[in-house]
Structures are given as C-alpha cells and as structure tokens.
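Hello,

Here is the structure I said I would pass on. Please look through it first, and then read the notes underneath.

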Amino acid sequence: MNDEGPFVLCLTGSLGMGKSTAARFFAEEGVPVHDSDATVHALYEGEATPLIEAAFPGSTSGGRVDRTRLAAMVLNDKAALARLEAIVHPMVTASREKFLAEARKQGIKVVVLDIPLLFETQAERDCDAVVVVSAPVEIQRQRAFERPGMTGDKLAAILAKQMPDAEKRRRADFIVDSSQSFDHTRTQIREILRQVTKLPRHK
C-alpha cells in the first residue's frame, strides 16, 4: 500500500458483536465503507449466480441464489464450502480492489473494509490497522438469537468457523466495546478516526 492511497482500516467481529452497527457509524462520520457481506448478496443476485448453479445444481431459482438451499448444500461439508469460497472470494476481492482504486483516485484519506472473516481468510495483510468489535458472550448470544431463524445449532456452527473473540481482540489495533449505548460506540469510533491520522501504515 503506498502513501498516495487511503489509510485502510479493516473492521471485523464475530456474529452478534455489533460490527454492522460500527460500520454504519463509520459511514455516518463520512468514511467510505466496503461491506463484504453486501457484496456477496449482490453477487448472489447477479454475476455469481450461473457459476454457483453450475457448481451446486438446484441452488438457484429465478436468476438468483437461494441462500437457504445453498446453505443446506455446504453446511458441515468442508469440501463444498471450499468450492463455494473459490467462486465467491475472488469476486469479493476484485470488488474491494475496485473500491480502493476509486478511493485513491478521489484522494480519500481513510476507508473502512468491513470483512467478517478477516483473520480467517488472512485478509488482514491488506490492512493498515484492524478494528475488532466485541461484547461479552451473553450479549453476543442475546443479539444472535434476535436474528430470524437462529437456533442453538446454527449459532454453534457459525461460531465454530470463526476465530475466538479473545484471539481477534489480541490481534486488533483497536477494540470497540459495543456492550453499552450507541453513543458510547460512536465516541470510540470518533476516537479511532482521530488516532489513525497519526498512525504509520503497515505497508
């Protein structure tokens, strides 16, 4: 990463930790945010659909990926999940690179890459600093179960694929505690943005 480009702040956090809320607050502060999950949703309704149907026949309908059907095909099947990731991850990476090139062209100083599986996919190599959003486990579980269709088994399967929160916090440059009010979270995000202006880049 060169000094002409923006400072790349990578945002991550396990399910139910409040990462999406933190991303929204960064955006409210005027920082462009690239959302990996939103990119996947868009790919599932367009570019990736024929490739996924070819790899997983019956996983699409009406020109888009049926997420429930696809999830059933890859759940607890590491080889199937690896096939899916081989299709989707390069497309998400290309979208992220386009976003960064656009930010560089516009002379933007700081951008946020919202990457749920940041450490799990070794994507932190492309970050100048990493922000981990965290909350106590009881709050995490409460938030997770507020999601439609969430069950104990499903939550366990999702968390099994994610690096433990304690390890994410150990690797973070900044930790956002999302266990209190929205204003408390906003204050932490503003402080991070104040600090990154003085930080050296990793690359």
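Subject of the notes: what was found

Arg170 is a residue of helix 8, which covers residues 165–171. Please keep in mind that this is a predicted model. Is Arg170 buried or exposed? Its relative accessibility is 59%, so Arg170 counts as exposed, the cut-off for that class being over 50%. Arg170 can also be placed relative to Val132: the two are 38 residues apart along the chain, and their C-alpha atoms are separated by 9.4 Å.

Val131 is found in strand 6, which runs over residues 129–134. Val131 has a relative accessible area of 1% and is therefore buried, since buried means under 20%. Which residues does Val131 contact, once its neighbours within four places in sequence are left aside? They are Leu9, Cys10, Leu11, Thr12, Phe26, Phe174, Val176 and Ile192. Pro32 is 99 residues from Val131 in sequence, and the C-alpha atoms of the two are 15 Å apart in space.

The loop between strand 5 (110–114) and strand 6 (129–134) holds Gln122. Most residues other than glycine have a negative phi. Gln122 is not a glycine, yet its phi is positive, at about 55 degrees. With 41% relative accessibility, Gln122 counts as partly exposed.

Another glutamine, Gln140, lies in helix 6, residues 137–144. Gln140 is buried, because its relative accessible area is 8% and the cut-off is under 20%. Apart from neighbours within four places in sequence, Gln140 is in contact with Ser14, Leu15, Gly16, Met17 and Leu159.

Next, the aromatic rings. How many aromatic pairs are there? The count comes to one. The pair is formed by Phe25 and Phe182, with 5.6 Å from centre to centre and 80 degrees between the planes. That arrangement is edge-to-face, because planes over 60 degrees apart are put in that class. Phe25 belongs to helix 1 (residues 19–28) and Phe182 to helix 9 (residues 182–196), so the pair ties together parts that are 157 residues apart in sequence. Phe25 has 1% relative accessibility and so counts as buried.

Each of these two rings also has an arginine over its face. Arg186 lies over the face of Phe25, at 4.2 Å from the ring centre. Arg24 lies over the face of Phe182, at 6.0 Å from the ring centre.

Now a pair of helices. Helix 4 (residues 67–74) packs with helix 5 (residues 78–106) at an angle of about 130 degrees, and their axes are 7 Å apart. Helix 4 is therefore oblique to helix 5. On the side of helix 4, the contact is made by Leu70, Met73 and Val74, and on the side of helix 5 by Ala80, Leu81 and Leu84. What classes of residue make up the contact? Six are nonpolar, and there are no polar and no charged residues in the contact of helix 4 with helix 5.

The last residue is Ser61, in strand 3, which consists of residues 60–61. Ser61 has 34% relative accessibility, so Ser61 counts as partly exposed. Not counting residues up to four places away in sequence, Ser61 touches Asp66 and Arg69. Of these, Arg69 falls within the residue range of helix 4, 67–74. Thr49 is 12 residues from Ser61 in sequence, and the C-alpha atoms of the two are 9.3 Å apart in space.

To go over this on the model, a possible order is as follows:

- Arg170, which is exposed, and Val131, which is buried.
- Gln122, which is partly exposed, and Gln140, which is buried.
- Phe25 and Phe182, the edge-to-face pair.
- Helix 4 and helix 5, with their axes 7 Å apart.

Regards

Terms used: Residues numbered from 1 in each chain as written. Predicted model: local features only at pLDDT ≥ 70, side-chain atom pairs only at ≥ 80, totals over all residues. Heavy atoms only, no water. Axes fitted to C-alpha atoms, helices over the stretch in contact; angles between N-to-C directions. Helix = DSSP H or I, 4+ residues; strand = E, 2+ residues; numbered from the N terminus. Parallel < 35°, antiparallel > 145°, perpendicular 65-115°, else oblique. Contact = heavy atoms within 4.5 Å. Nonpolar A, V, L, I, M, F, W, Y, C, P; charged D, E, K, R; others polar. Phe/Tyr/Trp six-rings, centres within 6.5 Å; stacked < 30°, edge-to-face > 60°. Buried < 20%, exposed > 50% of the residue type's maximum accessible area, 1.4 Å probe, protein only. Lys NZ or Arg CZ within 6 Å of the ring centre and 35° of its normal.
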